[in-house]
Amino acid sequence: MRVLVTGGAGYIGSVTADVLRRAGHEVTVVDRRASPAVDLLDAGATREVFARARPEAVLHFAAHSQVGESMRDPQKYLGENVTVGRNTMRAALEVGTRRFVLSSTANLYGAPARVPIDETEAIRPGSPYGESKAILEREIAAAFGAGAVALRYFNAAGATEGRGEDHDPETHLIPLVLRVAQGRLPQVSIFGRDWDTPDGTCVRDYIHVSDLADAHVLALDAGTGAYNLGTGRGFSVKEVVEAARRITGHAIPAVDAPRRPGDLATLVADASKIRRELGWSPKIPRLDDIVASAWRWMSR
Ligand code: UFG
């Protein structure tokens, strides 16, 4: 299939583009970090690239994706993420693309009533980042109908042989903890030890980036609507730090820090819908394997 991948030079997009190529798809990456660079904020440039590629499906990853930054600079998210999404949608509609798969987020479930969280949970975005995804989820459903799929990621993590997570600035727990093990940072901060969780630190559902990528490949020709993507198992910040200590053999000093604005105690997926409807299941569900993959990549 001809597949256009926006944000295909980023962390999750680049891993997915690799998996698509290996599965025999014809992939066009559109990204301002790729060469040639294409800025999806430019509606004309976006239409041109679609006119050339004429994709049958779009996987739309391109977005600013930091919850914390979105609290400080909401316009960057409500403005740019939404504009980039709309430019991509319009260009896709113009060339007759039928399938639109959106990278969405568990941040949509601002204050979940039930954990694990399933897709019937109310949408109450926890941040302008989550709000930007909520807007785009509604709009792709209206524009693409049964061809619209939103994949709501929990915590993407880990690395493949050639690609891993390296944001600048980095804010995510696993890469930060591993930077401490590399000696690039003196210590990791634990954002709150007084959460209502078993050990007092926040609990998240870490999902390996190649398992996320596999879900996108399945979503190219099956499924409609929203799907949670997580393993269904939660690990606390403390457990992540301990896993990294085991894997790296480094002491990884950790210090207590205040809660981070926008955080929630526990986010764990009920991903039974995608398992049932698309036959997806994680191949790398164990936290130690996820952290070890990131460590191998960073050590290279
Ligand atoms: N944390 C620390 N210290 C750090 C960094 C993070 O204690 O230095 C904690 C956070 O408070 C949180 C957990 O580690 O409890 C995970 O934090 P991340 O920043 O790695 O990830 P988030 O859970 O904040 O956010 C991620 C994605 C979002 C997505 C969300 C959905 O980055 O885009 O998962 O669950 F919306």
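Helices and strands are named here as DSSP runs, numbered from the N terminus, a strand being a run of at least two residues. The structure described is a predicted model.

**Ligand site**

In these terms, the strand β7 gives the most to the shell around the ligand, with 3 residues. The shell counts 22 residues in total, and those that come nearest are Thr 105, His 172, Ser 189, Arg 260 and Asp 263. By class, 12 residues of the shell are nonpolar, 7 are polar and 3 are charged.

Three polar contacts to oxygen atoms of the ligand are listed below.

| Residue | Protein atom | Distance to a ligand oxygen atom |
|---|---|---|
| His 172 | side-chain N or O | 2.7 Å |
| Phe 191 | backbone N or O | 3.0 Å |
| Arg 260 | side-chain N or O | 2.7 Å |

The side chains of His 172 and Arg 260 thus each place an N or O atom 2.7 Å from a ligand oxygen atom, whereas Phe 191 makes its contact through a backbone atom, at 3.0 Å. The ligand taken alone exposes 690 Å², and the protein buries 93% of that area. Two elements give two or more residues to the shell, namely α6 and β7, the latter spanning residues 188-191.

**Internal cavity**

The helix α6 also has a part in a cavity. How many cavities of 30 Å³ or more does a search of the whole structure find? The search finds 1, and the volume of the largest cavity is about 50 Å³. Its lining is made up of Gly 158, Glu 165, Ile 174, Pro 175, Ala 294, Trp 297 and Met 298. At least two lining residues come from each of α6 (173-181) and α10 (287-299). The helix α10 provides the largest share, 3 residues. In terms of class, the lining holds 5 nonpolar residues, 1 polar residue and 1 charged residue. Because Gly counts as polar and Glu as charged, Gly 158 and Glu 165 are the lining residues that account for the 1 polar and 1 charged entries.

**A three-stranded sheet**

Elsewhere in the description of the fold, an open sheet of 3 strands runs in the order β11-β8-β13, with mixed pairing. Its edge strands, each pairing on one side only, are β11 (235-236) and β13 (266-267). The strand β8, residues 203-204, pairs with β13 in the parallel sense over 2 bridges. Within this pairing, Val 203 has Thr 266 of β13 as its bridge partner.

**Backbone geometry**

Most peptide bonds are trans, and most residues other than glycine have a negative phi. Which peptide bonds to proline are cis, with omega near 0° or near -5°? One is the bond from Ser 35 to Pro 36, with omega near 0°. Pro 36 sits in the loop that joins β2 (26-30) and α2 (43-53). Another is the bond from Val 115 to Pro 116, for which omega is near -5°. Pro 116 belongs to the loop between β4 (99-105) and α5 (128-144).

A further backbone feature concerns phi. Arg 54, although not a glycine, has a positive phi of about 40°. This residue lies in the loop between α2 and β3 (57-60). The helix α2 therefore borders two of the loops described, since Pro 36 is in the loop between β2 and α2 and Arg 54 is in the loop between α2 and β3, with elements numbered from the N terminus.

How values were computed:
Residues are numbered from 1 along each chain as its sequence is written. This is a predicted model: local features need pLDDT of at least 70, side-chain atom pairs count only at pLDDT 80 or more; totals for chains, interfaces and linings use all residues. Side-chain values use heavy atoms; hydrogens and water are left out. On a 1 Å grid over the protein atoms alone, a cavity is a set of points where a 1.4 Å probe fits but cannot get out, and a pocket is an open set with protein on both sides within 12 Å along at least five of seven lines; lining residues have an atom within 4 Å of a point. Grid points are joined across faces, edges and corners, and a volume is the space filled by probe spheres set on the points. Helices (H or I, at least four residues) and strands (E, at least two) are DSSP runs, numbered from the N terminus. Two strands pair if DSSP finds at least two bridges between them. A residue is near a molecule or strand if one of its heavy atoms lies within 4 Å of it. A polar contact is a pair of N or O atoms within 3.5 Å; within protein, one must be able to donate a hydrogen and the other to accept it, and residues adjacent in sequence count only if both atoms are side-chain atoms. Accessible areas come from the Shrake-Rupley method with a 1.4 Å probe; for residues, only the protein chains shown count as cover.
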